[in-house]
Amino acid sequence: MRIHAIQTGTVAIKERQRQGVGHGLRRRMNTLLDKTWTEPLPIYAWVIEHPEGIIVVDTGETARVAEPGYFPWWHPYYKLNVRAWVRPEEEIGPQLQALGIQSSDVRWLVMTHLHTDHAGGLHHFPKVEILVSRAEYQQAVGMAGLIRGYLPNRWPTWFAPHLIDFAPEPFGSFSSSYPLTQSGDVVLVPTKGHTAGHLSVIVNDGSESTFLAGDTSYTQQLLLDGVVDGVSESDEVAIQTIQCIQKYLHSVPTIYLPSHDPEAVTRLKNHAVASWDSTMISMTNEK
């Protein structure tokens, strides 16, 4: 198997979204009112060349974010907390073609979650089986989804994903899972926290795993430090997921790849597995 990183532009968010401060509603308000922007962060999607077919994980963002009115003017998050830069040639469709891959060549598109910086390129995959967790889709649809920060009004009219439910089949430290490939070497696991139905993709290739993490954390170091982001609805749920991932990384040599980590591609190229050196895994969030 071979995994490619596709960077679909950059996004800047508030620093307290990347590293939350406080708990519960206070933590989310601290994020909303934060004045400090991050540097422009990459927006990664991933391509897995697999013997059973090409698998794409997330679609990245669309260049339409530059259009006036693309983001809802009334939504405080889009008004105060996000800036995105995507050129048309940076969208996932043209970049797949540069790799010699047509969208019709893709067997599965797996969505870690449906925030716009992960779902903005859905329109490039009109004839592909798209997998989304049922919990994620239910949170994202309609006006309620729009209020939560999703943009269901920007999804293609044909968007009708295959909604998956996780079976109570343990996989590593995860109590439930969803095997994607018949060979069992690509597995979806629930990683709720950043969103209520967030999932991640684990690729097992010989003696190591690659963990396509979506937004379970914004960097590897924040995951190792046990830090919850500033937008997760429940710190407790997010911490439980972080601890579960920590246990997995501690037990299996794993390349951990969040979608906005500037160091992710370097780790992928160098097969650099997560390591705590001589320190113990942090099982509490001190924020």
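Strand β10 (residues 199-205) is mostly covered, with 5 of its 7 residues buried. Buried here means under 20% relative accessible area, exposed means over 50%, and partly exposed lies in between (1.4 Å probe, protein chains only). Strands (E, at least two residues) and helices (H or I, at least four) are DSSP runs, numbered from the N terminus. The model is predicted: local features need pLDDT of at least 70, side-chain atom pairs count only at pLDDT 80 or more, and totals for chains, interfaces and linings use all residues. Residues are numbered from 1 along each chain as its sequence is written, and side-chain values use heavy atoms, with hydrogens and water left out.

Start with the partners of β10. Strand β9 (residues 186-190) pairs with β10 in the antiparallel sense, over 5 bridges. Two strands count as paired if DSSP finds at least two bridges between them. Within this pair, V189 has S200 in β10 as its bridge partner. Strand β11 (residues 208-214) also pairs with β10 in the antiparallel sense, over 5 bridges. Here N204 stands opposite S209 in β11. A hairpin joins β10 and β11, with 2 residues between them. G206 sits in that turn and has a positive phi of about 75 degrees.

Now widen the view. Strands β8-β9-β10-β11-β12, in that order, make an open sheet of 5 strands with mixed pairing. Its edges are β8 and β12 (254-258), each of which pairs on one side only. The step from β11 to β12 is parallel and holds 5 bridges. S209 appears again here: its bridge partner in β12 is T254. In a regular strand, side chains alternate between the two faces of the sheet.

A further open sheet has 7 strands. Their order is β4-β1-β2-β3-β5-β6-β7, and the pairing is mixed. β4 (82-85) and β7 (162-164) stand at its edges. Each has a single partner strand, so one side of each lacks a neighbour in the sheet. Neighbouring strands of this sheet are turned by 25 degrees against each other on average, direction ignored. The angles are taken between axes, which are lines fitted to C-alpha atoms (for helices over the stretch in contact); they run from 0 to 180 degrees between N-to-C directions. Inside the sheet, β5 (residues 106-110) and β6 (residues 129-133) run parallel and are joined by 3 bridges. L109 stands opposite I130 in β6.

Turn to the helices. Which residues of helix α2 (residues 24-33) are buried? They are R27, N30 and T31. These residues cover an arc of only 100 degrees around the axis, so they lie on the same side of α2. The arc is that of the directions from the helix axis to the C-beta atoms. The face turned away from this buried side carries the exposed residues L25, R26 and L33.

Next come the charged pairs. A salt bridge is a side-chain nitrogen of Lys or Arg within 4 Å of a carboxyl oxygen of Asp or Glu. By this rule there are 8 salt bridges. In one of them, D165 meets R134 at 2.9 Å, N to O. D165 lies in the loop between β7 and β8 (178-179), and R134 lies in helix α6 (residues 134-140), so the pair ties together parts that are 31 residues apart in sequence. D165 is partly exposed at 45% relative accessibility, and R134 is partly exposed at 32%. Salt bridges that share partners also join E15, R18 and E39 into one network.

Other pairs can be followed in the model. The side chains of E67 and R64 meet at 3.2 Å, N to O. E67 is partly exposed at 37%, and R64 is partly exposed at 36%. E90 and R87 form a salt bridge at 3.5 Å, N to O. E90 counts as buried, at 17% relative accessibility, whereas R87 is partly exposed at 46%.

Finish on the surface. W73, W74, M143 and I147 form a nonpolar patch there, with about 530 Å² of accessible area together. Patches are made of residues with over 30% relative accessible area and no salt bridge; like charges are joined within 9 Å, and nonpolar side chains (Val, Leu, Ile, Met, Phe, Trp, Tyr) within 5 Å. Accessible areas come from the Shrake-Rupley method with a 1.4 Å probe, and for residues only the protein chains shown count as cover. M143 belongs to helix α7 (residues 142-148). M143 counts as exposed because its relative accessibility is 53%.
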